[in-house]
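This briefing introduces a protein structure to a reader who is beginning the subject. Please keep the structure in view while reading.

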Amino acid sequence: MVKILVVEDEKAISGLIEMNLRKAGYQTDCVYDGAAAVEALDGRVYDLILLDVMLPKADGFELMEYIAPLGIPVIFLTAKTSVADRVKGLRLGADDYLTKPFEVIELLARVETVLRRYHKTETVLTLDDLVIDTVSRTVKRGGQEISLTKKEYDLLLLFVRNKNIALYRETIYERVWGGTYMGDSRTVDLHVQRMRKKVGLEQRIVTIYKVGYRLEDRNT
C-alpha cells in the first residue's frame, strides 16, 4: 500500500487530508512540525510527502534540504501564493505546489499524478528481465515464474518500489511484517537473503553496514 506523510501544523486541515487519503486507499501518517517530520523520516519509508511551507521548528523549505537526498516526491501545501514562493519550492526539488484553500478532489488528483510519475501505482513493475505483477502477485524472470512466500514477495516489492534508497531494518520490518522492530535482525536478514537468491538479485540488493539494505538500479 502507498504510504504518505502529511506535514501540516493546522490539525483541522491535517485531519481532513488524512480522512480523504485513507478513503482513497492510502496509508497515512500525520505530523505537525518540522522536527517531527525529520523524526518520522528517520524511521520509515514514504512514497510521497505532503508538506506545508509555514511550520514550527523548521519550515518546509528548510525541510526540503533534508528530504531531497531521500528521493521521496513532495507536494507543497501552502497559503503562500506568490510566484517567487512557488518557484523557490520547485527549485528546491518539490514535484508540485498546491495553494490553500484547495479542493480535496484536486489534491487527490495531484497525488495520483505524482505517484504515477514515480511508478508508485503501477500494477506491473520491471527490473531488467524481472517482472512483478501486483494484481496476480506473481514474479517472473525471463518468462519463468518464481515461487515466493508472501513475505518474500512483499520484500521484493518494497525494494523495487524504492530503488537506490537505503532501507533500514526497522523500516523493512515495519512495512513487511507490520509490527514494531525489537532489534533482532535475524528475521529480516534471513528473509532478504532467501528472497534475493531466489530472484537472482544477490549482487543488486546490497547490505549496508549497521543500516540495512539497498537495491541498486544502475539504469536510474
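The points below move from the whole chain to particular residues.

The model is predicted. The protein contains 8 helices and 12 strands. Of its 220 residues, 45% are buried.

**Overall form**

- The radius of gyration of the protein is 18 Å, which agrees with the value near 17 Å that a compact globule of 220 residues would have.
- Along the principal axes, the C-alpha atoms occupy a box of roughly 55 × 35 × 30 Å.
- Among contacts with a separation of 6 or more, 56% join residues that are 24 or more positions apart.

**Surface and charge**

- The exposed surface of the protein is about 11300 Å², and carbon and sulfur atoms supply 51% of that area.
- The protein carries 33 positive and 33 negative charges, and the mean positions of these two groups lie 5 Å apart.

**Aromatic rings**

- A pair of aromatic rings is described by the distance of the centres and the angle of the planes.
- The whole structure holds 3 aromatic pairs. One of them joins Tyr173 and Trp177, whose rings are stacked, with 5.3 Å from centre to centre and 10° between the planes.
- Tyr173 and Trp177 are 4 residues apart in helix α7 (residues 169-177), so about one helical turn separates them.
- Tyr173 is partly exposed, with a relative accessible area of 22%. Trp177 also counts as partly exposed, at 22% relative accessibility.
- Phe61, Phe76 and Tyr97 together form one aromatic cluster.

**Backbone features in loops**

- Most residues other than glycine have a negative phi, and most peptide bonds are trans. The following residues are therefore worth locating in the chain, given this general pattern.
- The peptide bond leading from Lys100 to Pro101 is cis, with omega near -5°. Pro101 belongs to the loop between strand β5 (96-99) and helix α5 (104-117).
- Asn164 is not a glycine, yet its phi is positive, at about 70°. The loop between α6 (150-160) and β10 (167-168) contains Asn164.
- With a relative accessible area of 36%, Asn164 is partly exposed.
- Lys210, which is likewise not a glycine, has a positive phi of about 65°. Lys210 is located in the loop between β11 (205-208) and β12 (212-215).
- Lys210 is exposed, because its relative accessible area is 67% and the cut-off for exposed is over 50%.

Terms used
Residues numbered from 1 in each chain as written. Predicted model: local features only at pLDDT ≥ 70, side-chain atom pairs only at ≥ 80, totals over all residues. Heavy atoms only, no water. Helix = DSSP H or I, 4+ residues; strand = E, 2+ residues; numbered from the N terminus. Rg over C-alpha atoms; globule rule 2.2 N^0.38 Å. Buried < 20%, exposed > 50% of the residue type's maximum accessible area, 1.4 Å probe, protein only. Contact = heavy atoms within 4.5 Å. Areas by Shrake-Rupley, 256 points an atom, 1.4 Å probe, with all protein chains shown as cover. Lys, Arg positive; Asp, Glu negative; His and termini not counted. Charge placed at Lys NZ, Arg CZ, Asp CG, Glu CD. Phe/Tyr/Trp six-rings, centres within 6.5 Å; stacked < 30°, edge-to-face > 60°.
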